Amino acid sequence: MKTNIGHLEAAAGIAGLIKVVLALQARTIPAHLHCAEPTPDIPWAKLPIEIPDRSITWDASPDRLVAAISSFGASGTNAHVIVEETPDVPEVPSDEVSEGADHVLLLSADSPQALQDLLRAYRRHLGHDPNLPLADLCYTAAIGRAHLSHRCAITGSSVAALQERLSTYLGGGTGPGIFAGQVKGTGRFDRSVDQPMDGAAIGRAFVKGMPLDWQRLFPRRQPVVLPTYPFQHLPYWVGSPGPTRPRSDITDLLYHCTWDRVGAPPPASTFVDEPCHWLVVGDVPGQITQELEGPGQTHSVIDCRTAEMDGSIRDTVRHALADVPPSLPVRILFFSGIDEIPSGPEHADALPRDVLGACQLLVDLIQSANTIPRSPTTRIWTITRGACHTDARQPPSTPHQLARAGLWGLGRTFATEHPEFFGGLIDLAPGGSAEEVRDLVCCISWDRDQLALRGDQAFVPTVQPAKGDVLAGDAFPQIEANATYLVSGGMGALGLRLAAWLIDRGARHLVLVSRRGETPAVKHEMRRLRAAGARVRTPRADVADYEQMATVIRTIQQDGPALRGVFHLAGVLDDRTVTGLDREALTRVIHPKAAGAWNLHLLTRDLDLDHFVLFSSLAAMVGPAGQANYAAANAFLDALAHARQAMRLPALAVNWGPWAGAGMAGTLEPDHLATVKRSGVEPMVARHALAAMEQILTENVAQVVVAQVDWRQVLAGDRPTFLRQWSQHLVDDTASELEDQDASHGLEASTDLQELLGGSADALEVGLTRFVQRLLAGILQIDSAQTIDPDRPLDEYGMDSLTGTELKNRIATRLGIELPLSGLIGGVTVASVVLMVQARLPIQAPPGGAEPSEGSETVEMVL
Ligand SMILES: NC(=O)c1ccc[n+]([C@@H]2O[C@H](COP(=O)([O-])OP(=O)(O)OC[C@H]3O[C@@H](n4cnc5c(N)ncnc54)[C@H](OP(=O)(O)O)[C@@H]3O)[C@@H](O)[C@H]2O)c1
């Protein structure tokens, strides 16, 4: 190889193999390029060796050609491979038994996301050609691909049937002929399955990881071209300077919104028993009033499903509170969408109407309760169901539940504007639970004001720097020349920047939608976009109007190329305080965002999109004063992104902080902008925002905050409780990071094991898993701890005896627990390390105040 391409280090062997295969195909031995004079120290004439000083025809007929490749490294790595040309085999007719028979397509990947990408690639592949030879396709997928741990098998008797089932599965559905599973570990079965099997049986066995007799189940057929593996692109460079984009400029802008488990709500405190009047409003659950019968307590109920409301809810509320003495605290529980009411989810305008209706009801309630003389401890709690997505495994919210998500944005602004009047936001589990009403009452007396109840556990929203996780890859987002990208609000400040960015990344067909179309103000930008070589269409349409958007999308699909990306930016501002909000101001702001997003979702959910990006705002999370309607609209976008991901549709909501210089933030009045800056949020340079966008588009996250925030400033002064709970740890973390610059990858700060030891067994397992993942990420130089699959053998991540020893030592230092080195090498996984640690933790000490063992002292001290 050296003569052809020079010294190749570790790649020399594979380059040699490639060279030989090419020589076999060309039946030519290529000339040695630089051996003018062979060394006289070797008796060439006596050896059956020849150095080709010119290309030689290579023909060994009638025998087959054989070559040997040697790779002998100075370090002692020796390899020798013998390669023989493939035997001539009779061609198998490719159309034989293709249609009509029961075929099974076996697909697998290394991670859930890669599997999803692979399935989408197959769906697209099948869509290109309905006449694909099905038997050949399934044969090649079964025999010609490695079988990895995340698996899916689809049976069908036609290309169309396979494609439809792939779509069903990708849409979150199951059904006959669809099998999926994860294979954990290897070699659990002693023998392969050898009884006769139909497609479904093969699929079932495949996803369970049973060894199959491939040659017998898939008799030889013609191999065909298949989609290639969707690599998930993580850098593995030790001490990598990072990808070429300005990483340092964006690292500090990215945050994840997550939910932290905080345990079961504490038993209801005396607060619940203090004299008060309870006003229960909305879709009131039957049992609630029984829980509200303390001494000196009264209650009234306005059930919106049955109440005779003359005029609006305002009069009904006033009437209900008319006899309550102004000195008596009123606790108002607003139950929104607890019971499923028929809302015709397929009817395009039903959900957006629901979003508005729920917000309107809460605003009415706040405004009417605000006008009545009230005790200083009167509070309003808003209760939703399934509106928050606390866990990636949570099923997609129903449209009705989803519609309530806007209340979380509105509620946050209410908290900012009226901390003395805001009680809290509580989300009940999507499917409900027997104990939920009691738990809910406990939550009301808790000092946490934003909670999601799941089973007997409560979760609080929090924000985490996304440094390692989001910035893991140096992949580039999939933007294709032969595809169309739709940008709603594309004529706005950010829309035009996004369009230029898309073109810069290779897009050649853009559709920029707005109500006014191409106005003179944007002529210059439009000329620039078109001069860059793109076809830019600018239809006038209201994104909130289903029919108008259906026409836009139909036209794209007819004219081509196919729609591959949707970016929803359309939106307007109409800032008012909650008490000054009227129906028009709510509709004006919420409708284009919520109805627009919902229309785009309904109209494209069956299309094969690569991107569905919702331009949301930081406002949805922090609830700025004066922006209740805007926060509500954006909170809905966030929830829709989570719901779509749960349906396995592409989705990303970006909670942008303000962009400098243009658009909604750029047009703020100077004193308003000064208030924003004083609150700790700085406008971002557009270039940085777009660089962040480039990063996050390659990630499989539903929601990312991209904002330039000084958290100390945000939390300085009198801030609402929820904002403290959301982000206080960022300020604390920065402080401890400064104190301990050397805290090897920040591991100490990241896991509070003492707290875990006091919690439930589940929480302990989750915490230890994260802890071990983080240790390993540090040791193995993996950017993102979360990408380490707990069930995947660690040797596949590069763990060997040296790194195993390091893991053993770090666990010993951090936890005072000695693990046997033999247990940390071989096929060990994070899960098995966690089991080993758990078995040695002192929490299994006998109950009843027994003296802690020696081991537990060590653990307590280290923690
Ligand atoms: N700029 C920022 O700093 C910032 C920060 C956070 C989030 N965001 C989000 O980013 C998005 C874009 O912001 P921007 O600053 O570019 O706003 P912008 O300059 O005001 O542009 C908004 C665009 O939306 C269009 N639009 C409004 N209602 C529409 C409807 N019903 N149907 C179709 N198009 C409609 C407008 O055009 P027509 O009036 O002609 O319809 C305009 O082209 C917004 O969703 C905003 O919430 C912006």
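Helices are DSSP runs of H or I with at least four residues, strands are runs of E with at least two, and both are numbered from the N terminus. This is a predicted model, in which local features need pLDDT of at least 70, side-chain atom pairs count only at pLDDT 80 or more, and totals for chains, interfaces and linings use all residues. Residues are numbered from 1 along each chain as its sequence is written, and side-chain values use heavy atoms, with hydrogens and water left out.

**Exercise 1. Place Ile18, and state which surface patch it helps to make.**

Step 1. Find the element. Ile18 lies in helix 2, residues 12-26.

Step 2. Classify its exposure. Buried means under 20% relative accessible area, exposed means over 50%, and partly exposed is in between (1.4 Å probe, protein chains only). Ile18 has 48% relative accessibility, so it counts as partly exposed.

Step 3. Name the patch. Ile14, Ile18 and Leu22 make a nonpolar surface patch of about 290 Å². Patch residues have over 30% relative accessible area and no salt bridge; like charges are joined within 9 Å, and nonpolar side chains (Val, Leu, Ile, Met, Phe, Trp, Tyr) within 5 Å. A salt bridge is a side-chain nitrogen of Lys or Arg within 4 Å of a carboxyl oxygen of Asp or Glu. Accessible areas come from the Shrake-Rupley method with a 1.4 Å probe; for residues, only the protein chains shown count as cover.

**Exercise 2. Describe helix 16 and what covers its buried residues.**

Step 1. Check the span. Helix 16 (residues 493-504) has 12 residues and reaches 17 Å from its first C-alpha to its last, close to the 16 Å expected at 1.5 Å a residue. The expected span is 1.5 Å times one less than the number of residues.

Step 2. List buried positions. They include Leu494, Leu498, Trp501 and Leu502.

Step 3. Find the cover. It includes strand 16 (484-488), strand 17 (509-513), helix 17 (523-531) and helix 24 (686-696). Contact means heavy atoms within 4.5 Å.

Step 4. Look past the end. Just after helix 16, Gly506 takes a positive phi of about 115 degrees.

**Exercise 3. Work out how strand 17 is covered and paired.**

Step 1. Count. In strand 17, 5 of its 5 residues are buried.

Step 2. Split the faces. His509, Val511 and Val513 are buried on one side, Leu510 and Leu512 on the other.

Step 3. Find the partner. Strand 16 pairs with strand 17 in the parallel sense over 5 bridges. Pairing needs at least two DSSP bridges between the strands. Ser488 stands opposite Val513.

**Exercise 4. Decide whether helix 29 is enclosed or open.**

Step 1. Locate the helix. Helix 29 covers residues 761-780. Its reach is 28 Å from first C-alpha to last, close to the 28 Å expected.

Step 2. Count burial. Because 14 of its 20 residues are buried, helix 29 is largely enclosed by the rest of the structure.

**Exercise 5. Pick out backbone features at Arg27, Arg648 and Pro561.**

Step 1. Recall the background. Most residues other than glycine have a negative phi, and most peptide bonds are trans.

Step 2. Take the arginines. Arg27 has a positive phi of about 50 degrees and sits in the loop between helix 2 and strand 1 (28-29). Phi of Arg648 is near 60 degrees; its loop runs between helix 21 (628-646) and strand 21 (652-656).

Step 3. Take the proline. A cis peptide bond joins Gly560 and Pro561, with omega about -10 degrees. Pro561 lies in the loop between helix 18 (546-559) and strand 19.
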